[in-house]
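Open the model in your viewer and keep the sequence panel beside it. The stops below say what to select and what is there.

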Amino acid sequence: MNPYFIQALHKNTVRIYSLIFYHCSKPPFKAKEEYRFKLHFLEDDLKISACGKVELKYFNTNLPKVLEAINHNSCLHKKIGIDKNGNIKNCPLMPESFGNIQHHSLEDAITQPGFQKYWNITKDHIEVCKDCEFRYVCTDCRAYTERNHCNNNGLNLSKPLKCGYDPYTGEWKDWAENPLKREVIHYYDAEEFK
């Protein structure tokens, strides 16, 4: 990565607020304060075990985030990810790709049919979550779900896989120990979830 890519984004794009780069042993260049967005260079890879966890410590109660969650998906709204192979996705851990950064622009990717399909799916649409008192302060992972409910348009409206809360009983349990989730964990081939 070179700073010219970042400078071009700064010059030509006004809607980027934050860029996170994973697997950077050290920052590839000194980030300037002049950029209108924040740059984060993380040494770690994006870990499947960290993504999509639903826990009280991750609940966000600031007004802008709650208002966004009422009207949009709290994880994917206005988000674009590029996986380690350069594939452009809603989230780097989701399976569907909308081109590769080597051959397609980000603008081309987000205007493709289907790219924004999960942006406006709120917790009021998600099975079980729609009955949860925490739904507007909770994250909503669409990459890893229980895979048990799709709507007529084929959108996955299942509860996030890594949620151990039952809004009907008010109890928190270890989601990975739930025997009903074992089959889904096997589907994702992700024993590392735990």
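Select Asn-73 and show its side chain, which reaches the backbone nitrogen of Leu-76 at 2.7 Å. A polar atom of the same side chain of Asn-73 lies 3.3 Å from the backbone oxygen of Ile-121. A polar contact here is a pair of N or O atoms within 3.5 Å; within protein, one must be able to donate a hydrogen and the other to accept it, and residues adjacent in sequence count only if both atoms are side-chain atoms.

This is a predicted model, in which local features need pLDDT of at least 70 and side-chain atom pairs count only at pLDDT 80 or more, while totals for chains, interfaces and linings use all residues. Residues are numbered from 1 along each chain as its sequence is written, and side-chain values use heavy atoms, with hydrogens and water left out.

Asn-73 sits in the loop between helix 2 (63-71) and strand 3 (81-82). Helices (H or I, at least four residues) and strands (E, at least two) are DSSP runs numbered from the N terminus. Is Asn-73 buried or exposed? Asn-73 is buried, with a relative accessible area of 1%; buried means under 20%, exposed over 50%, and partly exposed in between (1.4 Å probe, protein chains only). Not counting residues up to four places away in sequence, Asn-73 touches Tyr-118, Trp-119, Asn-120, Ile-121, Asp-140 and Arg-142, where contact means heavy atoms within 4.5 Å.

Move on to Tyr-118. Leaving aside neighbours within four places in sequence, Tyr-118 is in contact with residues including Asn-73, Leu-76, Met-94 and Gly-154.

Next, select Leu-76, Met-94, Tyr-118, Ile-121, Tyr-144 and Leu-161 together: of the 24 residues in the largest nonpolar core, these touch the most other members. Helix 3 and helix 4 (182-187) each supply at least two residues of this core. A second, separate core of 11 residues includes Leu-9, Ile-16, Phe-37 and Leu-39. A nonpolar core is a set of buried Ala, Val, Leu, Ile, Met, Phe, Trp, Tyr and Cys residues joined through side-chain atoms within 4.5 Å.

Now go to strand 2 (38-41). Leu-39 and Phe-41 point to one face and are buried, while Lys-38 and His-40 point to the other and are not. Strand 1 (residues 18-21) runs parallel to strand 2, joined by four bridges; two strands pair if DSSP finds at least two bridges between them. Ser-18 has Lys-38 as its bridge partner in strand 2.

Select Thr-145, in the loop between helix 3 (106-110) and strand 5 (165-166). Thr-145 counts as buried, at 0% relative accessibility. The side chain of Thr-145 reaches the backbone nitrogen of Arg-147 at 3.1 Å and makes a polar contact with the side chain of Asn-156 (2.7 Å).

Finish with the cysteines. How many disulfides does the structure hold? Zero, a disulfide being a pair of cysteine sulfur atoms within 2.5 Å. Cys-24 is in no disulfide, and the nearest cysteine sulfur, that of Cys-91, is 17 Å away. Why is Cys-129 not bonded to Cys-163? The sulfur of Cys-163 is the closest cysteine sulfur to that of Cys-129, but at 6.2 Å it is too far for a bond. Both Cys-24, with a relative accessible area of 15%, and Cys-129, at 7%, are buried.
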